[in-house]
Amino acid sequence: MIFLSAKNGRVDSEDRRSRHCPYLDTINSLSPFPTGRGLKSHAYIHSVQFSHHVFLNLHTLKFYCLPDNYEIIDSSLEDITYVLKPTFTKQQIANLDKQAKLSRAYDGTTYLPGIVGLNNIKANDYANAVLQALSNVPPLRNYFLEEDNYKNIKRPPGDIMFLLVQRFGELMRKLWNPRNFKAHVSPHEMLQAVVLCSKKTFQITKQGDGVDFLSWFLNALHSALGGTKKKKKTIVTDVFQGSMRIFTKKLPHPDLPAEEKEQLLHNDEYQETMVESTFMYLTLDLPTAPLYKDEKEQLIIPQVPLFNILAKFNGITEKVPLSDYSGFIFTINRNVDLREYLSEEVQAVHKNTTYDLIANIVHDGKPSEGSYRIHVLHHGTGKWYELQDLQVTDILPQMITLSEAYIQIWKRRDNDETNQQGA
């Protein structure tokens with residue numbers, strides 16, 4: 001797209017500009033472009049000697065001759081090149097979460113970089129929601145915005161998994177591009193890499209599960225970056241990996257006499273054991289949905305306080321069996337202090353143990369069907385937005401608590417940070 005500004009006077013109509021072009025009759029009417037390579041050819045005259053008179057409409061493939069009172073104020077080549085391969089300096093990346101400036105697309109619509117829609121090609125909304133959530137995790141986003149961080153990682157010959165890294169980096173830079181032509185981005189190349197690298201486990205044309213996709217994608221990304229299960233870390237493990245202590249204790253059969261139970265508890269096999277295990281994400285167990293109705297004969301959707309289901313990680317409460325997640329909403333404080341769930345050693349290292357919600361993925365409908373949408377926090381404005389494929393709308397923080405949360409991403413607040421969520 002070439003942007004033009006008038007020096008003097010009014011903009012002439014399309015027909016008038018065409019009639020006043022002294023070189024229009026030199027163009028072959030059967031071809032949309034002048035041809036020829038010689039210095040005296042019509043193509044050379046149009047492209048070089050009189051280039052300031054010619055405006056190519058990239059959408060209709062028509063030539064327009066412009067009057068002398070116009071000047072080109074921006075280069076289409078530069079814009080197209082940047083849109084195809086956006087680049088970010090270290091300073092730009094450092095300032096991303098401090099900016100609240102709207103960008104303007106070529107059609108006049110405005111958007112916040114990073115808060116843009118993704119095309120739903122057919123049934124890839126589950127992947128869109130996860131990718132949009134990950135694009136708003138600052139340290140992960142910052143790493144992939146700078147291609148130098150990973151472009152020299154070596155992979156075995158014939159390995160295709162590094163394609164995930166390349167495509168994810170490209171998608172991050174397009175989502176955060178402040179000079180996009182449109183206020184949405186196509187994830188097609190990214191999703192093609194997902195289909196290929198997952199061996200069609202996750203597809204574009206078939207609905208998938210957001211948790212399964214998130215688990216696979218993080219592990220595949222970690223492996224493609226050269227990470228290993230135990231020793232070699234990557235940006236993925238730096239951002240997401242934690243560890244927990246799991247205490248296990250064998251209990252006597254409840255029907256045994258009390259004396260026999262007491263005796264068995266002294267045996268080695270009934271002693272409590274502890275193992276330390278790493279994790280990328282934590283699953284929360286929900287109680288069984290009640291089967292009663294309210295006075296209007298409508299099914300009641302129970303509200304579950306977040307701290308109630310976090311109790312399984314306090315080292316005291318016994319774990320309960322996992323049940324179906326459907327039909328519940330969380331009552332969420334958008335900032336929670338998780339100090340009581342951390343070991344004493346960790347508490348000593350981290351003075352600030354408050355976590356802020358930054359992404360909330362919602363699944364509507366049956367577990368194997370339905371649709372996905374996501375709520376994300378824009379750090380620069382402190383406002384929340386709901387994204388569902390191409391649709392982007394602002395949303396009040398209070399409305400998030402009314403949604404059926406399926407996946408949530410929480411960020412530990414830095415010592416110099418304050419709550420930016422306006423709540």
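Start by selecting Lys 199, just after helix 8: in this predicted model, Lys 199 takes a positive phi of about 55°.

**Stop 1: back into helix 8**

Now step back and colour residues 188–197, which make up helix 8. Which residues of helix 8 are buried? Show Met 190, Leu 191, Ala 193, Val 194, Val 195 and Cys 197, and you have them. Turn the view to find their neighbours: these buried residues pack against helix 5 (125–134), helix 7 and helix 9.

**Stop 2: a crossing of two helices**

Next, select helix 7 (residues 162–175) together with helix 9 (residues 210–224). Their axes come within 8 Å and cross at roughly 105°, so the two helices are roughly perpendicular to each other. Show the side chains where they meet. From helix 7 come Phe 162, Leu 164, Val 165 and Phe 168, and from helix 9 come Trp 216, Phe 217, Ala 220, Leu 221 and Ala 224. How do these contact residues divide into nonpolar, polar and charged? Nine are nonpolar, with no polar and no charged residues.

**Stop 3: Leu 164 and the core**

Keep Leu 164 on screen and look around it. Leaving aside residues up to four places away in sequence, Leu 164 touches Met 190, Ala 193, Val 194 and Cys 197, as well as Trp 216, Phe 217, Ala 220 and Leu 221. Leu 164 also belongs to the largest nonpolar core, which has 68 residues. Leu 134, Phe 144, Leu 164, Phe 168 and Phe 217 have the most contacts inside that core. In soluble globular proteins, nonpolar side chains tend to be buried together.

**Stop 4: charged pairs**

The structure holds 10 salt bridges; here are three of them to visit.

- Stay in helix 7 and pick Glu 170 and Arg 167, whose closest N and O atoms are 3.1 Å apart. Being three residues apart, they are separated by about one helical turn. Glu 170 is partly exposed, at 30% relative accessible area, and Arg 167 is partly exposed at 24%.
- Select Glu 146 and Lys 90, with their closest N and O atoms 2.7 Å apart. Glu 146 sits in the loop between helix 6 (138–145) and helix 7, and Lys 90 in helix 4 (residues 90–94), so the pair ties together parts 56 residues apart in sequence. Is each partner buried or exposed? Glu 146 is buried at 16%, while Lys 90 is exposed at 60%.
- Finish with Arg 373 and Glu 386, which meet at 2.8 Å, N to O. Arg 373 lies in strand 15 (residues 371–378) and Glu 386 in strand 16 (residues 383–388). Add Asp 364 to see one network of salt bridges that share partners, joining Asp 364, Arg 373 and Glu 386.

Conventions
Residues numbered from 1 in each chain as written. Predicted model: local features only at pLDDT ≥ 70, side-chain atom pairs only at ≥ 80, totals over all residues. Heavy atoms only, no water. Axes fitted to C-alpha atoms, helices over the stretch in contact; angles between N-to-C directions. Helix = DSSP H or I, 4+ residues; strand = E, 2+ residues; numbered from the N terminus. Parallel < 35°, antiparallel > 145°, perpendicular 65-115°, else oblique. Contact = heavy atoms within 4.5 Å. Nonpolar A, V, L, I, M, F, W, Y, C, P; charged D, E, K, R; others polar. Buried < 20%, exposed > 50% of the residue type's maximum accessible area, 1.4 Å probe, protein only. Core = buried A, V, L, I, M, F, W, Y, C linked by side-chain atoms within 4.5 Å. Salt bridge = Lys/Arg side-chain N within 4 Å of Asp/Glu carboxyl O.
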